[in-house]
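Student: Could you take me through one helix of this protein slowly? I would like to see how its two sides compare with what lies around them.

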Amino acid sequence: MANKKDPATRIQSLLQFGEYGDVNPSVTDSATFTFMQAKTMLETFKGEAEGCFLYSRHWNPSNKYLADALAALEGTEAAWVTASGMGAITCAMLQLVNSGDHIVTSRTTYGGTYAFLKNYLPKFNIEVSFVDISNLGAVEKAIQPNTKIIYTESVTNPMLQVSDIPALAKIANKHNCKLLVDNTFTPMILQPNELGAHVTLYSLTKFVNGKNDCVAGAICGTNDYIASLIDVNDGTAMLLGPVLDPFRSSSILKNLHTLHIRMRQHSENAMFLAKKFKEAGIGVCYPGLSDHPDHDLMKKMMHPDFGFGGVLAIDMKTFDRAATLMEKMEMEGVGYLAVSLGYFKTLFSNSGKSTSSEVPEDIQREMGMSEGLIRFSVGLDHDIENTWNLIQKCMNEL
Ligand SMILES: Cc1ncc(COP(=O)(O)O)c(C=O)c1O
């Protein structure tokens, strides 16, 4: 059973090579594919011809290599890759809901996801309830007869709340709905589908690719669900068309093979800085710290080899103090004042005014998000002690 292996070994065990034995599968630089027999084209349209490709909005061999590797990472039957994380999230949800349906979602999610759920879906008469995802009673209470999806992030952005995936899956199964988990913050560390989720989603833009050179996403799930997404008649991915370029698939696949090493280093560095911030008396949120409310839950679910992830948040209390510290840190070479995460260099931003700016300020406060919150995506620094000395110097100058 392949799934007995750890996620990194499952990827390493894949035998994927090109038609000349090229160790990196060749990039299929074609929008369309030719057939020698008209009958095979017919079968391919019906989804019955194994290994045949029709048109690159549907499938492309380069995208298939990456999708297969992501399915191996997650232990799912299949996967499909998209041109962005939002492309994955929106298609995955729209495939499962019709007008008149209802979604229960964590109230803390990435700002773009929040905006889609709050502002966009109501246009199609799809109702959404926002709940504290750690309050399982509230999640179950929010479910209605027309609820089709429970939506959450494995570790939420930016409050770093950890979702109890097995418990949420139990609620979803009891009420006949699907649990969708955005695992962008914790690849390798958590495998949501193996913990009971029905669909795992990614912004590959972040840790999975890790190079900040492109935007991409993925949907991992059952064969039937992935096939439904690309059905030529009513598949959301096929009809909305957020397809990933094969050149990008090829480069992301190569980066995927170093993900396990990078996640370990991101986590080790984040843990080091989280402890230092705590010792310095700064309010810090990191699931690896024993005083984080979800520390034990995370330990129960995570793969122990890859740590608690590369993202932490500190509270500088006011926006002005946060802004001054970030400007100083950029000048000192700690990293970049930039949105996004999962890069080899440290990135920091004030969530309230950037990646969560779609969330109204009163709701931000309700979530517990301080106006002075700085989210750090900790990089792969070799000398993290030196990084801490630079941060300390900046804090002393405030
Ligand atoms: C947790 C999470 N999910 C999804 C997204 C959206 O991904 P993309 O920017 O690749 O569309 C982001 C982007 O910041 C994110 O942080």
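Tutor: Happy to! Let us start with a definition: a residue counts as buried if 20 or more other C-beta atoms lie within 10 Å of its own, and as exposed if 12 or fewer do. Please keep in mind that this is a predicted model.

Now find helix α13, which runs over residues 319-332. This helix has 14 residues, and from its first C-alpha to its last it reaches 20 Å, close to the 20 Å expected at 1.5 Å a residue.

Next, look at which way the side chains of α13 point. A322, L325, M326 and M329 are buried. Why do these four belong together? They cover an arc of only 100° around the axis, which puts them on the same side of α13. Turn to the other side of the helix, and you meet D320, E327 and M331, which are exposed. So α13 has a buried side, with A322, L325, M326 and M329 on it, and another side where D320, E327 and M331 are exposed.

What do the buried residues of α13 pack against? Their partners are three strands, β10 (336-337), β11 (347-350) and β12 (373-377), together with one helix, α15 (384-396). It is worth finding each of these in the picture and tracing it back to the buried side of α13.

Finally, follow the chain out of the helix. After α13 comes G333, and the phi of this residue is positive, near 90°.

How values were computed:
Residues numbered from 1 in each chain as written. Predicted model: local features only at pLDDT ≥ 70, side-chain atom pairs only at ≥ 80, totals over all residues. Helix = DSSP H or I, 4+ residues; strand = E, 2+ residues; numbered from the N terminus. Expected span 1.5 Å × (residues − 1). Arc of directions from axis to C-beta. Contact = placed C-beta atoms within 7 Å.
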